[in-house]
Structures are given as C-alpha cells and as structure tokens.
Amino acid sequence: MRIKICGLFRDEDIDFVNEAQPEFVGFVFAKSPRQVSTALAQYLRFRLSPDITPVGVFVNAPIQIIAELYQNGVISMAQLHGTEDESYVAQLKKQSISNIRQKQIPPIKVIKTIIQGEIKPKISLPQSADYILLDSGAGSGKTFDWSKFQTLKTKRPWFLAGGINITNIDKAKELNPFAVDVSSGVETDGIKDRKKILELVAAAR
C-alpha cells in the first residue's frame, strides 16, 4: 500500500519524508495552518527526493495557477477538495499540457476528493479525474465510517484519508486502498514528527 504525507511546510518536514520515502507528499495551497506560498513550495520541492511525487492540494483554485505550478515542476499532481466538477477537471488537464523548451508535458494527474457525506451509490464523479480520495472532511483529521466507501462504485484507484495514524493503519490496509493520505496522524502539537512518519510508513508497507 502506498502512502502520502500531506501538509509539509518546513525544512524538517522535507528531511523527514526524504528519510521515510513515502510515495507521495502534499503541499497545501488552500487556506490552512499548513498552507504554503508558491515560493515556499518551490523551495521545498527543490529539496524533495526525486523518488517522491509532490501533490498540490487546492480548493476551487484558479485553473491557471495549478497549471503553472505543474508546468514549472513544483507539483506533479493536483488534489482537489472543492466543488470542482467535470468541466473544471477537463479544462485543468487541457491547460496543463505545454510544450516548454520543445519538451511535451502530458496532462496533470488529478485526485478528486469525496467527503463522507457525499458518498452514495449514484454520486457523479468527474470522469477526467485519475484518482478518488475519500475523506471525513477537508482538514478535519477525524476518522469516518469506512464501511460507507463500499457503496461507492468506481474502478479508479482511491486514496483513504481522515484520522489515519499508527493505531488504525492496519484496519485501513484491510480495505485495500491504492494509498492512504496522512497529515495530523504523523504530527505532535500540529508539527510533523519524524518518529511517527517513519513508523507509519513502515507499518503501511
């Protein structure tokens, strides 16, 4: 099972994930205690291991901003937590394509977040999204009833988020998600904790 450590905003955070080597990390561009500016994200991305995929987290952001972050190599994927619909996702993919210095850049990969209250059998999912992320609510850090995901019919790879930590990671693994997304579960007093990150990544694998 893959793991994503979200909400990095310090040099130490980058040091910790470079040591632990999760598959993904998240830079939060939406309003949040963990929010990063474009300049800070660019700096942190420069220090990040090339083996780790950086994901930008957004809420109804202007498409051009996400496209530019992608084209400039600051992020490799976009995680959308707002009301972004099929039209938005399709347009983002279209605008993210670019020929920079004669090099073709493919469309950005998109993760669309579905919060627990929206999970139902006939939910309309953006068809252009590459992944689905199931969450208890943006930034809540709380676990939800994971059995609800069983009513969601999708063949796309999905991430599980919301209150995941070392005490429930084994239960999360039993659901066989593509990846788990963790933020507060590897923090102490709101700050990323090296020991917790290392333990959780090891347990996820």
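Which residues of helix H3 (residues 63-71) are buried? Here are a few notes to help you find your way around this predicted model.

1. Let's start with that helix. The buried residues of H3 are Ile63, Ile66, Ala67, Leu69, Tyr70 and Gln71. Directly after H3 comes Gly73, which adopts a positive phi of about 80°.

2. Next, have a look at strand E8 (residues 131-135). Of its 5 residues, 5 are buried, so E8 is largely enclosed by the rest of the structure. Tyr131, Leu133 and Asp135 point one way from the strand, while Ile132 and Leu134 point the other way.

3. E8 has partners worth tracing. Strand E7 (residues 109-115) runs parallel to E8 and is joined to it by 5 bridges; within this pairing, Ile111 has Tyr131 as its bridge partner. E8 and E9 also run parallel, with 3 bridges between them, and here Leu134 stands opposite Leu160 of E9.

4. Now for the aromatic rings: the structure holds 6 aromatic pairs. In one of them, the ring centres of Tyr131 and Phe159 are 5.7 Å apart and the planes meet at 80°, so this pair is edge-to-face. Because Tyr131 sits in E8 and Phe159 in E9 (residues 158-161), the pair ties together parts that are 28 residues apart in sequence. Both Tyr131 and Phe159 are buried.

5. Finally, try following the rings outward from that pair. Phe24, Tyr131, Phe159 and Phe178 are linked into a cluster by ring pairs. Tyr131 is a good residue to keep in view, as a member of this cluster and as the bridge partner of Ile111.

Note on methods. Residues are numbered from 1 along each chain as its sequence is written. This is a predicted model: local features need pLDDT of at least 70, side-chain atom pairs count only at pLDDT 80 or more; totals for chains, interfaces and linings use all residues. Side-chain values use heavy atoms; hydrogens and water are left out. Buried means under 20% relative accessible area, exposed over 50%, partly exposed in between (1.4 Å probe, protein chains only). Helices (H or I, at least four residues) and strands (E, at least two) are DSSP runs, numbered from the N terminus. Rings of Phe, Tyr and Trp (its six-membered ring) pair if their centres lie within 6.5 Å; planes under 30 degrees apart count as stacked, over 60 as edge-to-face and the rest as tilted. Two strands pair if DSSP finds at least two bridges between them.
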